[in-house]
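I sat down with one model and went through its helices and loops. These are my entries.

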Amino acid sequence: MMHFADSLTFSGRKVVAAWAALPFPAFSGSSLPDILSAHQQDVPWKLLSSWRGDQKVSCCFAQSVVLRGICQEKPTSCPGQPRSPLHSCESPEQVLQQFLHTQFPGAFSTSHVLQQPCDTRPPFPQFFSPLLTRRGFLLDRAQGRSSGGVESMPVLAALQSSPVLRSLLSALCRQLRAPRLRRCSSFFTAGLEQDDFQEALEELKTLSQCYETEFGASEDEADSD
């Protein structure tokens with residue numbers, strides 16, 4: 001995982017964020033172009049970190065996305081409604097790649113589409129909404145399910161190097177700078193020197209600045225290289 005994350009980082013950046021859609025929001029029988037066309041304003045996956053800041057990502061530097069469990073259904077279209085560019089793609093891989101290029105223009109993106117869904121049979125915890133079929137697709141209304149629960153579902157997972165990490169790393173730096181000696185005393189008891197602790201905080205601050213998107217951040221990124 002460390003080497004994989006390294007392949008998505010550059011210009012002094014060292015951290016990537018994990019995102020996921022569990023389940024991927026799809027109705028049974030929907031095609032991938034139809035599904036993604038409904039999410040032109042925002043991506044259909046969420047940040048997995050417990051950080052409670054603004055989790056909406058409008059741009060990123062690099063990303064790797066994997067979607068599994070969506071079959072290549074025939075796209076639908078309403079009479080007289082123009083087809084989107086996603087409907088012109090010849091394969092699910094091209095559809096996902098086109099969607100990523102549209103949402104994150106200029107970003108380095110890799111994507112993979114796998115037909116096999118994620119297995120969610122026991123001992124996988126059954127914490128899913130009743131608005132899901134046994135195959136993990138969305139329902140218009142709740143229906144009764146057998147005791148087997150949700151057996152599988154479509155899932156999307158992503159690793160992103162994005163500006164969201166600036167706020168996350170900055171928040172972590174502020175928490176560590178706060179005067180909470182009881183919380184940090186175990187570090188110093190174990191042999192951590194105060195100067196080393198301060199140096200680590202400065203490195204964390206510098207790292208967070210590498211995720212700025214303003215033009216003024218370019219010098220910081222060059223120095224961090």
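The entries below run from the overall make-up to a helix pair and then to backbone details.

Entry 1, ground rules. I am working with a predicted model, in which local features need pLDDT of at least 70 and side-chain atom pairs count only at pLDDT 80 or more, while totals for chains, interfaces and linings use all residues. Residues are numbered from 1 along each chain as its sequence is written, and side-chain values use heavy atoms, with hydrogens and water left out.

Entry 2, overall. I looked up the secondary structure and found 7 helices and 7 strands; these are DSSP runs, numbered from the N terminus, with helices being H or I of at least four residues and strands E of at least two. The order along the sequence is α-β-α-β-β-α-β-β-β-β-α-α-α-α. Of the 225 residues, 39% are buried (under 20% relative accessible area with a 1.4 Å probe, protein chains only; exposed is over 50%, partly exposed in between). I also looked up contacts (heavy atoms within 4.5 Å): of those with a separation of 6 or more, 73% join residues 24 or more positions apart.

Entry 3, H4 and H6. I took H4 (residues 164-177) against H6 (residues 194-209) and read an angle of about 160°, with the axes 8 Å apart. Axes are lines fitted to C-alpha atoms, for helices over the stretch in contact, and angles run from 0 to 180 degrees between N-to-C directions. H4 is therefore roughly antiparallel to H6 (over 145 degrees; under 35 is roughly parallel, 65 to 115 roughly perpendicular, the rest oblique). Residues making the contact include Leu-169, Leu-172 and Cys-173 of H4 and Phe-197, Leu-201 and Leu-204 of H6.

Entry 4, each helix alone. H4 has 14 residues and spans 21 Å from first C-alpha to last, close to the expected 20 Å; H6 has 16 and spans 23 Å, close to 22 Å. The expected span is 1.5 Å times one less than the number of residues. Among the buried residues of H4 are Leu-169 and Cys-173, and the cover over its buried residues includes S1 (17-21), S2 (46-47), S7 (155-161) and H6. In H6, the buried residues include Phe-197, Leu-201 and Leu-204.

Entry 5, backbone. I found a cis peptide bond between Leu-22 and Pro-23, omega about 5°, and Pro-23 sits in the loop between S1 and H2 (32-37). Pro-122 to Pro-123 is also cis, omega near 15°; Pro-123 lies between S5 (118-119) and S6 (152-153) in a loop. Ser-11, not a glycine, has a positive phi of about 55°.
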